[in-house]
Amino acid sequence: MALFRKENTAMIDRYSWWEIVAIYAGIAAFLFFMLSPFIEGFLVSLKPLAQLFSSPYTFWPENGSFDAYFTMWDSVPGFGRYIFNSFLISTVATVIVLLLVVPAAYAFARFNYQGMGLVLGGFLAISMFSGAVLLIPLFRLMRTLGLLNTYFAMIVPGVAFLIPSAIWLLRTYMKRIPLELNEAAYMDGASQFYTFRRVILPIASPGIIVVAITTFIGAYAQQFVFALSFNSKTEYMPLPVGLFAYFGRQEVIWNELMAASFVGITPALIIIFFLQRYLVGGLTAGAVK
Amino acid sequence: MGQLSLKRVVKTFGSIEVVKGVDLDVQEGEFVVFVGPSGCGKSTLLRMIAGLEHTSAGDILINGERVNDLPPVKRGIAMVFQSYALYPHMSVFENIAFPLRVEKAPEDVLKRKVQAAADILHLENRLQQKPGQLSGGQRQRVAIGRAIVREPKIFLFDEPLSNLDAALRADMRIELTRLHKQLGATMIYVTHDQIEAMTMADRIVVLNFGNIAQVGAPLELYHRPENLFVAGFIGNPRMNILPATGVKSGPEGVTVDCLGQRLTVPVAPPRTGIEGAALSLGIRPEHIHLGDGRDLRLNLTPTVVEQLGQHTIGYATVEGMEPTFCFVLPGSRPVHDDRPLDVNFRARDCHLFDADGQALPRRPGVEDSD
C-alpha cells in the first residue's frame with residue numbers, strides 16, 4: 001500500500017485516519033466506476049448465450065467458460081485480419097506522429113519566434129474539432145488524393161487530428177528540461193542537432209513514451225469513424241468496425257462480441273504495458289542542483 | 001592589454017541597460033571574481049564573455065582578438081554553471097568526455113584526458129556512476145571536469161558553490177584555489193558571496209547597477225574602498241556609516257564633527273571646501289573596542305547581542321544612523337542585551353566619504369595598523 005510506504009509517511013502526518021479512509025474510498029469508487037463496464041463485459045464473455053437472455057438477469061456466470069474465446073474465430077472468419085489492420089493503422093499513425101511531433105515540440109519549447117502563440121493556439125483550436133464535423137470535406141480530400149479504400153485513408157486524417165495534442169503534451173514536457181543543458185552543450189561546441197539527439201531526446205524519452213501511448217490509444221479509438229467513412233473494403237477494415245460482424249440480423253452474439261473486444265485490445269494493452277516500464281520518473285535527477 | 005579585455009561593453013534587454021559600458025583587463029593566470037548584489041549584471045557580464053549573451057555594444061577581446069561574434073567553443077572558454085548542468089542520462093565519464101566527443105577526439109586521447117581530469121578532481125571511483133547518484137560537491141566537480149578536458153584559455157564560473165551547504169562550500173573553495181594553482185589558468189568567477197571573493201580572488205571586480213564600482217585586490221577593497229557602495233559591500237558585518245560634518249582640512253587629515261565629538265581622520269591630500277561639508281564617517285564593526293579612551297567614544301545600549309565564542313557581535317541604535325550600529329569584539333565578552341556600555345574607536349581606522357559617496361583617499365600605510 002503506497003500510502004504507508006516509508007517515503008509517504010508525511011501523508012500520514014498530514015491527514016487523520018478518517019481522511020485517509022475517505023481518500024481510499026474515493027479511489028475505490030472511481031476505480032469501480034471506471035472498471036465496472038470491463039468487469040461486466042468480461043463476465044458476459046464467460047456466460048453461455050442462453051443465460052444472457054434469461055430473465056431475471058444474473059450478474060455472475062452460471063456454468064461459465066472461455067468457449068466464446070474459441071468460437072468467436074469461427075463466427076467471424078477473418079477477425080484476425082481486423083486486429084492486424086487496427087494494429088497496423090495505429091502503429092503507423094503513432095510512428096508518423098512521433099517523427100513529426102518530437103522535433104516540432106522541441107522547436108516550440110526552445111525557440112521563440114513571432115507568432116508562435118498564434119500557431120500553438122491554432123493547434124489547440126484544431127484539436128477541438130470533432131472528426132465527424134470534418135467528415136465531408138475530408139471525404140472529398142481523400143477522394144481527390146485517391147486515398148479512399150486504402151490504409152492511408154484511415155492513417156492520414158488520424159495523424160492530423162493526433163498531432164496538436166501530442167505537440168502540446170510534449171512541448172510542456174520539454175520546457176521542463178533545464179535550459180542550462182542546452183547552454184552547456186553549446187559551450188562545448190555541440191550543434192543544435194547534436195544537442196537534440198544526444199542530450200534532449202534521451203532526457204525527454206519518458207515524455208515521448210507518454211505521447212506514444214496516448215497517440216496509439218487515440219489512433220485506435222478514432223479508426224471507427226474514418227474506417228466507416230473512407231473505406232468500404234473488408235480487407236482494410238479495423239477492429240472497431242470488425243466487431244459489428246457479431247451483430248447478426250436476428251441476434252447479437254454478446255458473449256463472442258465481448259470476447260472479441262477483449263482479444264482485440266490485447267495487443268494494445270501489451271504495447272502499453274511494455275512502454276510503461278520506460279516511464280521512469282525523475283530521469284532528470286542530478287541534472288541541475 | 002590583458003588576456004581578456006572588455007572595452008566599453010554594454011548589454012541591453014529591450015530598453016533596460018543591464019551592463020553599462022564596462023572596461024576591464026584580465027591578465028593571464030589571474031583569478032578574478034565578479035561580485036555584487038543580485039541584479040548588478042555580474043552573471044550577464046560573464047555570459048557575454050562566454051558567448052551565451054549577445055553583446056549590445058563594445059568589444060570583447062581574447063588574446064587581442066575580437067570575439068564578439070564567435071561562438072563559445074571558438075573563444076577557448078569553458079564555463080561551469082551554477083546548476084552544474086550535467087547530463088543526467090550519461091555516466092560521469094561520458095559527462096566529462098562530452099566536449100571531446102563533440103570534437104570527435106580519438107578514443108585513446110579521450111580516455112587519457114578524462115582520466116587525468118578525474119585524477120585532479122578525485123573522481124576516479126565515480127566514473128561509471130550517474131549524476132543522480134552523486135553528492136552536490138561531486139556533481140560540481142564533474143562539471144569542473146567537463147571544463148578541464150577542453151583545456152580552455154579561460155575558465156568561467158557562474159556562482160558554482162551557491163547550491164552547496166556551508167561546510168561543503170568551504171571545502172570546495174579550498175579545492176578551487178588549489179585547482180587554480182595547479183592549472184595556472186585564467187579564471188573568472190561570479191559570486192554574491194564576499195567570503196568567496198575575498199578568499200579566492202587575485203582581484204575583485206565589484207559591480208553595482210551594471211557599472212564597475214571598484215576593481216582591486218581583496219585587501220585593497222577592504223582597506224581602501226573607493227565609495228560607500230564598496231565600503232558597505234565588502235566586509236561582514238557591513239561597515240557602520242555615521243553622519244559627520246567637515247570642520248577643517250590640514251596636513252594631519254580632515255577634522256570632522258561626529259556625534260558631537262571631533263576627530264581628525266588621516267586622509268590625504270588636504271582638501272578645500274571641507275568646512276561645513278556633509279560627510280559620512282565609516283568605521284568597520286571589528287575596529288570598535290570596549291571601554292572609553294581613543295578618539296571617539298560612544299555610550300551604547302545593545303538591543304541584540306550574538307555570542308559566537310570566536311566573536312561577540314552587538315547591535316545598537318545610534319541617533320542619526322540607519323540601520324543599526326554594529327560592533328564585533330574578539331572572543332566572549334561581558335556584553336548583554338539592554339545594558340549600556342562604552343565603546344570607542346580610533347580616527348585612523350575610520351573612512352571618510354563625501355556627499356556623493358566617494359571616498360576621501362586614506363593616507364598610505366594606515367591599514368598596516370588596522
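Visitor: What makes a residue of chain A count as buried, and what share of the 289 residues is buried?

Guide: In this predicted model, a residue is called buried if 20 or more other C-beta atoms lie within 10 Å of its own. By that test, 30% of the 289 residues in chain A are buried.

Visitor: Why is chain A called more spread out than a compact globule?

Guide: Set two values side by side. The globule rule gives 19 Å for 289 residues, but the radius of gyration of chain A is 24 Å, well over that, so chain A is more spread out than a compact globule. Along its principal axes, the C-alpha trace spans about 75 × 65 × 30 Å.

Visitor: And what is chain A built from, helices or strands?

Guide: Helices: there are 12 of them, and 0 strands. Read from the N terminus, the elements go α-α-α-α-α-α-α-α-α-α-α-α.

Visitor: How do you know which residues of chain A and chain B make the contact?

Guide: Two residues are in contact if their C-beta atoms lie within 7 Å. The contact takes 21 residues from chain A and 24 residues from chain B. On the chain A side, the elements giving two or more residues are α9 (179-187) and α10 (192-230). The most come from α9(A), with 6 residues.

Visitor: What classes of residue does that side of chain A have?

Guide: There are 14 nonpolar, 3 polar and 4 charged residues on the side of chain A that touches chain B.

Visitor: Within chain A, what share of contacts between residues at least 6 apart joins residues at least 24 apart in sequence?

Guide: That share is 79%.

Key. Residues numbered from 1 in each chain as written. Chains lettered and ligands numbered in written order. Predicted model: local features only at pLDDT ≥ 70, side-chain atom pairs only at ≥ 80, totals over all residues. Helix = DSSP H or I, 4+ residues; strand = E, 2+ residues; numbered from the N terminus. Nonpolar A, V, L, I, M, F, W, Y, C, P; charged D, E, K, R; others polar. Rg over C-alpha atoms; globule rule 2.2 N^0.38 Å. Buried ≥ 20, exposed ≤ 12 C-beta atoms within 10 Å, placed from the backbone.
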